[in-house]
Amino acid sequence: MECHGDVGSVYFGPNHPMKPHRLCMTHHLVLAYELHKKMEIYRPHKAYPVELAQFHSADYVEFLHRITPDTQHLYSEELMKYNLGEDCPVFENLFEFCQIYAGGTVDAARRLNNQLCDIAINWAGGLHHAKKCQASGFCYINDLVLGILELLKHHARVLYIDIDVHHGDGVEEAFYFTDRVMTVSFHKFGDMFFPGTGDVKVI
């Protein structure tokens, strides 16, 4: 468990529902209740571009690395191609933000694989909508897919359980054609609710 200061200070922009500051609020609550004395606090590495490309396309990772709020006006076609904009804005230190939260999940999976812990929590992770070549629903890099790929190096099968108001579509899509990962998502569905997938009839 950790709260990297750079994650909590990220600002998606005015009126955007994603508030990374809540991550540090959670961390401070853990400290205030002295729950940290019952766990090991660990600062993970920042995921390298080559690690992010274990799932995401290399051109998408490279674009996230290159784009900044000051240069985005030069890349209108790419912004549309990679679905960056209103829901997934380009903000200061976007790529580092992705590296930090993805690195946390990858390191958590590695610690589980190496039997260094029984339970690993990454407050900053869980960005389950990101696709292979596209951002979606406030999610840029799908840290969960990267974590599961890491777990699959040591385990024959992984059960992924997603409890969120939105369907975990990015993770389901990533592993749809393998029998090594079972995805179970508990979410709201219907009335055009985002992302519009995850009907109870779908297996």
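Modeller: Before we start on this predicted model, one convention: Ala, Val, Leu, Ile, Met, Phe, Trp, Tyr, Cys and Pro count as nonpolar, Asp, Glu, Lys and Arg as charged, and the others, Gly among them, as polar.

Colleague: Good. How does the lining of the largest pocket divide into nonpolar, polar and charged residues?

Modeller: Under that convention, there are 25 nonpolar, nine polar and seven charged residues in the lining. The volume of this largest pocket is about 1100 Å³. Its lining has 41 residues, and Gly 125, Gly 126, Leu 127, Asp 143 and Leu 144 are the closest to the centre. By the convention, Gly counts as polar and Asp as charged.

Colleague: What makes a residue part of the lining?

Modeller: A lining residue has an atom within 4 Å of a pocket point. Two or more such residues come from each of α2 (21–32), α6 (94–113), α7 (143–151) and β1. Strand β1 gives the most, with six residues.

Colleague: Then let's look at β1. Which of its residues are on the covered face, and which on the uncovered one?

Modeller: In β1 (residues 158–163), Val 158, Tyr 160 and Asp 162 form the covered face, while Leu 159, Ile 161 and Ile 163 form the uncovered one. That fits the general rule: side chains of a regular strand alternate between the two faces of the sheet.

Colleague: How do you know that β1 and β2 pair?

Modeller: Pairing needs at least two bridges. β1 and β2 (residues 181–186) are joined by six and run parallel, so they pair. One example is Tyr 160, whose bridge partner in β2 is Thr 183.

Colleague: And why is the β-α-β unit called right-handed?

Modeller: The unit is made of β1, helix α8 (residues 169–174) and β2. It is called right-handed because, with the strands pointing away from the viewer, the path from β1 over α8 to β2 runs clockwise.

Colleague: Where does Thr 183 turn up again?

Modeller: At the second largest pocket, with a volume of about 420 Å³. Of the 16 lining residues, Thr 183 is among those nearest the centre, along with Glu 172, Val 184, Val 202 and Ile 203. β2 supplies the largest share, five residues. By class, the lining has eight nonpolar, six polar and two charged residues.

Colleague: Last one: what makes a set of residues a nonpolar core?

Modeller: Its members are buried, under 20% relative accessible area, and joined through side-chain atoms within 4.5 Å. The largest core here has 42 residues; Leu 52, Leu 64, Leu 84, Tyr 101, Tyr 140, Ile 141 and Ile 148 touch the most other members. At least two residues each come from α4 (58–66), α6, α7 and β1. Helix α6 gives the most to this core, with eight.

Key. Residues are numbered from 1 along each chain as its sequence is written. This is a predicted model: local features need pLDDT of at least 70, side-chain atom pairs count only at pLDDT 80 or more; totals for chains, interfaces and linings use all residues. Side-chain values use heavy atoms; hydrogens and water are left out. Buried means under 20% relative accessible area, exposed over 50%, partly exposed in between (1.4 Å probe, protein chains only). Helices (H or I, at least four residues) and strands (E, at least two) are DSSP runs, numbered from the N terminus. On a 1 Å grid over the protein atoms alone, a cavity is a set of points where a 1.4 Å probe fits but cannot get out, and a pocket is an open set with protein on both sides within 12 Å along at least five of seven lines; lining residues have an atom within 4 Å of a point. Grid points are joined across faces, edges and corners, and a volume is the space filled by probe spheres set on the points.
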